[in-house]
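User: I would like to go through this model and ask, for each label attached to it, what justifies the label. Please set the values against the cut-offs wherever a conclusion depends on them.

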Amino acid sequence: MGRPRTASTVTTKCPSCGAPVHRELVGHTAALMVTADLTPLTTEQQASIRGPNRLIWCYRQPTWGTPRLTWTGHWHPPDCPHHHVAEHQCPPAEPTTLF
Ligand SMILES: [Zn+2]
Ligand SMILES: [Zn+2]
């Protein structure tokens with residue numbers, strides 16, 4: 001039994017808003033640190049969220065091992081069995097009009 005391999009993926013909390021997020025270094029030549037929400041999206045939600053500034057990721061949770069994000073920017077199977085999540089964006093600060 002050796003030491004655990006250095007993981008490039010981690011489930012953590014957003015330092016800004018505290019939401020649970022998945023952080024992963026994605027990419028081969030130009031590595032990109034991606035912070036993604038953990039909430040699976042419906043097809044409709046993906047269509048409304050997807051945009052030039054916000055990517056949708058295929059969140060593949062293997063039976064064992066660490067989950068991996070896969071970019072869905074190219075053609076992606078509509079019946080993909082994996083969860084799809086959006087790049088994390090902190091919710092806008094709500095005006096404090098509650099009291
Ligand atoms: Zn997928
Ligand atoms: Zn946040």
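Analyst: Before the labels, note that this is a predicted model. A place to begin is the open sheet of three strands, whose order is β5-β4-β6 and whose pairing is antiparallel. Within this sheet β5 (68-71) and β6 stand at the edges with a single partner strand each, so one side of each is left without a neighbour. From one strand to the next, the twist averages 40 degrees.

User: How do you know that β4 and β6 are paired strands?

Analyst: Two strands count as paired if there are at least two bridges between them, and strand β4 (residues 56-60) is joined to β6 by four bridges, the two running antiparallel; the criterion is therefore met. Tyr59, for example, stands opposite His83 in β6.

User: What makes β1 and β3 edge strands in the sheet β1-β2-β3?

Analyst: That sheet is open, has three strands and pairs in the antiparallel sense. Both β1 and β3 (32-37) have a single partner strand, which means that one side of each has no neighbour in the sheet. The twist here averages 30 degrees from one strand to the next. As for the pairing of β2 with β3, six bridges connect them in the antiparallel sense, and the threshold is at least two, so they count as paired; Leu25 has Met33 in β3 as its bridge partner.

User: Where do these strands fall in the chain as a whole?

Analyst: The chain has one helix and six strands, and their pattern along the sequence is β-β-β-α-β-β-β. Among contacts between residues at least 6 apart in sequence, 47% join residues at least 24 apart.

User: Why is the arrangement around the zinc ion (ligand 2) called tetrahedral?

Analyst: The zinc ion (ligand 2) is coordinated by Cys14 (SG), Cys17 (SG), His88 (NE2) and Cys90 (SG), at 2.1 to 2.4 Å. Four donors count as tetrahedral if all angles lie between 85 and 135 degrees, and the angles subtended by these four donor atoms are 100 to 119 degrees, so the arrangement qualifies as tetrahedral.

User: Which parts of the chain does the pair Cys14 and Cys90 tie together?

Analyst: Along the chain the donors follow the spacing C-x2-C-x70-H-x1-C. Cys14 lies in the loop between β1 (9-13) and β2 (20-26), whereas Cys90 lies in the segment after β6 (83-86), so the pair ties together parts that are 76 residues apart in sequence.

User: Why are Cys14 and Cys90 given separate accessibility labels?

Analyst: Buried means under 20% relative accessible area, and partly exposed covers the range from there to 50%. Cys14, with a relative accessible area of 9%, is therefore buried, while Cys90, with 35%, counts as partly exposed.

User: What makes His22 count as buried, and what is it in contact with?

Analyst: His22 has 1% relative accessibility, which is under the 20% cut-off, so it counts as buried. His22 is placed in strand β2, and its side chain makes a polar contact with the side chain of Glu24 (3.0 Å). Leaving aside neighbours within four places in sequence, the residues in contact with His22 include Thr9, Val34, Tyr59 and Leu69. For the whole chain, buried residues make up 25% of the 99 residues.

Key. Residues numbered from 1 in each chain as written. Chains lettered and ligands numbered in written order. Predicted model: local features only at pLDDT ≥ 70, side-chain atom pairs only at ≥ 80, totals over all residues. Heavy atoms only, no water. Donors = N, O, S within 2.8 Å, 3.2 Å for Na, K, Ca; no water. Tetrahedral: all angles 85-135°; square planar, octahedral: opposite > 155°, others 65-115°. Buried < 20%, exposed > 50% of the residue type's maximum accessible area, 1.4 Å probe, protein only. Polar contact = N/O pair within 3.5 Å; in protein donor to acceptor, adjacent residues only side chain to side chain. Contact = heavy atoms within 4.5 Å. Axes fitted to C-alpha atoms, helices over the stretch in contact; angles between N-to-C directions.
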